[in-house]
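Visitor: I would like to go through this protein with you, one question at a time.

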Amino acid sequence: MASPSSLCLLAALLALDFCVADEHSPVLVNGFACLDPKHVNADHFFKAAMLDTPKKTNKVGSNITLINVMQIPGLNTLGISIARIDYAPLGQNPPHTHPRATEILTVLEGTLYVGFVTSNPNNTLFSKVLRKGDVFVFPVGLIHFQFNPNPHQPAVAIAALSSQNPGAITIANAVFGSKPPISDEVLAKAF
């Protein structure tokens, strides 16, 4: 039989409508411990992210503005995040994977060639050319990419991800930029 204090704690936990991230909690969990609901306010669910503003692209010709639990503590445990991706002409979001999320991408401006590759042994490429208003899904954990094939016009997309902290592993960075590096012998044999 549970004690009255245990039942009160269980009832209080079940009554929570949300679990705002307590970024200062020493408790280590997959995600964040919950902030005391008495200390939660509307700002925990808000960010002036300016997702409508174009962003300067990086050396591969893209810029990802990710809004996850690190930017909006109210996303904790809700299983969702969003990103704006800007692509320069001929820019790309290179092959990468999200170990904790499925992604759904919507093109807002321009054209994108997108695709994902299934796991071994088939390694099948599923790809499409997307135009403004088109939507494409990248299943959780699969390597995928986006490329702007237009040499004259930028492209913009919004991605929703099924995790408050989806993670990202860029394949080339992981394989060729690990610290310490993977030995040349291993890489030569693999490639």
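Visitor: Which residues does UniProt list for "domain: Cupin type-1"?
Guide: The model in front of us is predicted, whereas the domain limits come from a UniProt record, an unreviewed entry. In the model, that span is 8% helix and 41% strand, and its end C-alpha atoms lie 43 Å apart. The residues listed in the UniProt entry are 49-188.

Visitor: Over which residues does pLDDT stay under 50?
Guide: For the protein as a whole the mean pLDDT is 92, and 92% of the residues reach 70 or more. There is nevertheless a stretch with pLDDT under 50, for which the model has one contact beyond four places in sequence. That stretch is residues 7-11.

Visitor: Which residue does the disulfide join to C19?
Guide: The count comes to one disulfide, and its two sulfur atoms are 1.8 Å apart. Both of its cysteines lie in the loop between α1 and β1, so the pair ties together parts that are 15 residues apart in sequence. C19 counts as buried because its relative accessibility is 9%, while its partner is partly exposed at 39%. The residue joined to C19 is C34.

Visitor: Is the disulfide of C19 and C34 left-handed or right-handed?
Guide: The answer rests on the torsion about the S-S bond, which is about -105° for this pair. With that torsion, the disulfide is therefore left-handed.

Visitor: Does H44 count as buried or exposed?
Guide: H44 lies in the loop between α1 (4-15) and β1 (62-67), and its contacts beyond four places in sequence include V20, L35 and I72. Because its relative accessibility is 17%, and the cut-off is under 20%, H44 counts as buried.

Conventions
Residues are numbered from 1 along each chain as its sequence is written. This is a predicted model: local features need pLDDT of at least 70, side-chain atom pairs count only at pLDDT 80 or more; totals for chains, interfaces and linings use all residues. Side-chain values use heavy atoms; hydrogens and water are left out. Helices (H or I, at least four residues) and strands (E, at least two) are DSSP runs, numbered from the N terminus. Buried means under 20% relative accessible area, exposed over 50%, partly exposed in between (1.4 Å probe, protein chains only). Contact means heavy atoms within 4.5 Å. pLDDT is the predictor's confidence in each residue, from 0 to 100. UniProt positions are given in the numbering used here, feature names are shortened, and annotations may be inferred rather than shown by experiment. A disulfide is a pair of cysteine sulfur atoms within 2.5 Å.
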